[in-house]
Amino acid sequence: MVFERSFCLYCAKCCAPTEMILFREDIERISSHGEKDFVVFRNGFYRLRNVGERCIFLDEENRCRIYSIRPIGCRVYPLVYSFDKGPLLDPECPLSQQVVYTCEEVEEGLKILEKVLKMLESEYRIKINWSVFSVGKRDLLMRYCNKFE
Ligand code: SF4
Ligand code: SF4
């Protein structure tokens, strides 16, 4: 899966606390592995539960306990979506500055992020400004793929 490399610093900035939004497929997949009581409804979204300001699935060594079945939003991180700027690598994650991602990773991440945004529209009725998405996508492709679309 995208960005699945060994560079993570396990600083837990992305998981402690987490605000990760969950989709139906996330909840079904994680539940089917026997996990319970990991969903909260907050500010209009189903999200991962925090326990003591940490994602319920974050272990004491800052590893994800459900890495192989983690939510789609966690899988695509540090690629995130800004409603103002479109897709971008989260400046909060140290890897966004330190790691040179490949063009293939960025393209794959953008495809997954597009799927996430479509699920935001269909499951949460959030209106996505696809022009903003295209601008951010173009910037990332220029930077990582030398593509000028
Ligand atoms: S913020 Fe980045 S470096 Fe830190 S744990 Fe998350 S993915 Fe790893
Ligand atoms: S599910 Fe895993 S990757 Fe996602 S926020 Fe929780 S600990 Fe982090």
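## Two domains and a ligand shell

Across the interface of domain 1 and domain 2, the rule turns up one salt bridge, meaning a side-chain nitrogen of Lys or Arg within 4 Å of a carboxyl oxygen of Asp or Glu. E25 pairs with K115 in a salt bridge, and their closest N and O atoms are 3.4 Å apart. On the side of domain 1 that touches domain 2, the elements giving two or more residues are α1 (24-31) and β2 (45-48); helices (H or I, at least four residues) and strands (E, at least two) are DSSP runs, numbered from the N terminus.

This is a predicted model, where local features need pLDDT of at least 70, side-chain atom pairs count only at pLDDT 80 or more, and totals for chains, interfaces and linings use all residues. Residues are numbered from 1 along each chain as its sequence is written, chains are lettered from A and ligands numbered from 1 in the order written, and side-chain values use heavy atoms, without hydrogens and water.

The domain bounds, 13-71 for domain 1 and 78-149 for domain 2, come from an automatic or database domain assignment. Their centres, taken over C-alpha atoms, sit 22 Å apart. About 760 Å² is buried between them, with carbon and sulfur atoms giving 65%; that's the accessible area (1.4 Å probe) that two parts lose on being put together, summed over both.

Contact here means heavy atoms within 4.5 Å.

| Domain | Residues in contact with the other domain |
|---|---|
| Domain 1 | nine residues |
| Domain 2 | eight residues |

As for ligand 2, its surroundings include C15, C55, C64 and C74, near meaning a heavy atom within 4 Å.
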